[in-house]
Amino acid sequence: MSVSEGMSALVLVVGPGHTLRQAARLMAARHVGAAVVLDGDGQGFGILTERDVLRAIAADQDPDVEVVGDHLTRDVVVAAPDWSLDEAAAVMLRGGFRHLVVTTGAEVEGVLSMRDVVRCWSRQRVSA
């Protein structure tokens, strides 16, 4: 099974100026653990995960003041839609993260989470 078959094509996108609370509320409402952060000045994109929000709060930073742009991961590891789920899972395990942004060229196509991978593998086992 390929990444394109397992990823979520409906991507939550936030801006670097959103507060952490705003981003967390959007993530909670959409039931996702990550948001793609598009940089308004054309610098590309980053990713904000629930782990990033948790770290900020654990460091006593105010989620109503702190902005996404100061807490996101800019050095994003991306996956191609035609990667296998095994390949994507291996990259996530090696890197110690749970989300991959799926791109074609410079275009964001979706997000693949470790939960998506497990869901797909479980479905494969049931249908086998």
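## Pockets, sheets and a helix pair

In the lining of the largest pocket, eleven residues are nonpolar, five are polar and four are charged. That's our way into this structure, which is a predicted model, so keep that in mind as you look around.

Let's stay with the pockets for a moment. As general background, rolling a probe the size of a water molecule over the atoms shows where empty space is left. How much space lies in the largest pocket here? About 450 Å³. A set of 20 residues lines the largest pocket, and the closest to its centre are His-31, Val-32, Gly-33, Ala-34 and His-99. If you'd rather go by elements, helix H2 (20-30), helix H3 (50-58), E6 and H5 each give two or more residues to that lining.

The second largest pocket has a volume of about 250 Å³. Its lining is made of 14 residues, with Ile-47, Thr-49, Thr-73, Phe-97 and Arg-98 the closest to the centre. Strand E3 (45-49) and H3 are the elements that give two or more residues to this lining. Which of the elements gives the most? That's H3, with three residues. By class, the second lining holds four nonpolar, five polar and five charged residues.

Now for the strands. Generally speaking, strands of a sheet pair through backbone hydrogen bonds, either parallel or antiparallel. One open sheet here has three strands in the order E1-E2-E3, with mixed pairing. Strand E1 (13-14) and E3 sit at the edges, each pairing on one side only. E1 runs parallel to strand E2 (residues 34-38), and two bridges link them. To find the spot, look for Val-14, whose bridge partner in E2 is Val-37. Helix H2 packs on this sheet, where it touches E1, E2 and E3, and its direction makes about 75° with that of E3.

There's another open sheet of three strands, this one in the order E4-E5-E6, and its pairing is mixed too. Its edge strands are strand E4 (78-79) and strand E6 (107-113), and each of them pairs on one side only. Here are the three strand pairs whose bridges we can list:

| Strand pair | Sense | Bridges |
|---|---|---|
| E1 and E2 | parallel | two |
| E4 and E5 | parallel | two |
| E5 and E6 | antiparallel | six |

A few residues help you locate these pairings. Ala-79 stands opposite Val-102 in E5, while Thr-104 has Glu-107 as its bridge partner in E6. What lies between E5 and E6? The two strands form a hairpin with two residues between them, and Gly-105 takes a positive phi near 65° there.

Last up is a pair of helices. Helix H4 (residues 85-95) and helix H5 (residues 114-127) have axes that come within 10 Å and cross at roughly 145°. Is that crossing left-handed or right-handed? It's left-handed. On the H4 side, the contact is made by Leu-85, Asp-86, Ala-89, Met-92 and Leu-93. H5 brings Met-114, Val-117, Cys-120 and Trp-121 to the contact. Sorted by class, the residues of this contact are eight nonpolar, no polar and one charged.

H5 also ties back to where we started, as one of the elements that give two or more residues to the lining of the largest pocket. H3 turns up in both linings, giving two or more residues to the largest pocket and three residues to the second largest pocket.

Conventions: Residues are numbered from 1 along each chain as its sequence is written. This is a predicted model: local features need pLDDT of at least 70, side-chain atom pairs count only at pLDDT 80 or more; totals for chains, interfaces and linings use all residues. Side-chain values use heavy atoms; hydrogens and water are left out. Axes are lines fitted to C-alpha atoms, for helices over the stretch in contact, and angles run from 0 to 180 degrees between N-to-C directions. Helices (H or I, at least four residues) and strands (E, at least two) are DSSP runs, numbered from the N terminus. A crossing is left-handed if the near helix is turned anticlockwise from the far one by less than a right angle, and right-handed if clockwise. Contact means heavy atoms within 4.5 Å. Ala, Val, Leu, Ile, Met, Phe, Trp, Tyr, Cys and Pro count as nonpolar, Asp, Glu, Lys and Arg as charged, and the others, Gly among them, as polar. Two strands pair if DSSP finds at least two bridges between them. On a 1 Å grid over the protein atoms alone, a cavity is a set of points where a 1.4 Å probe fits but cannot get out, and a pocket is an open set with protein on both sides within 12 Å along at least five of seven lines; lining residues have an atom within 4 Å of a point. Grid points are joined across faces, edges and corners, and a volume is the space filled by probe spheres set on the points.
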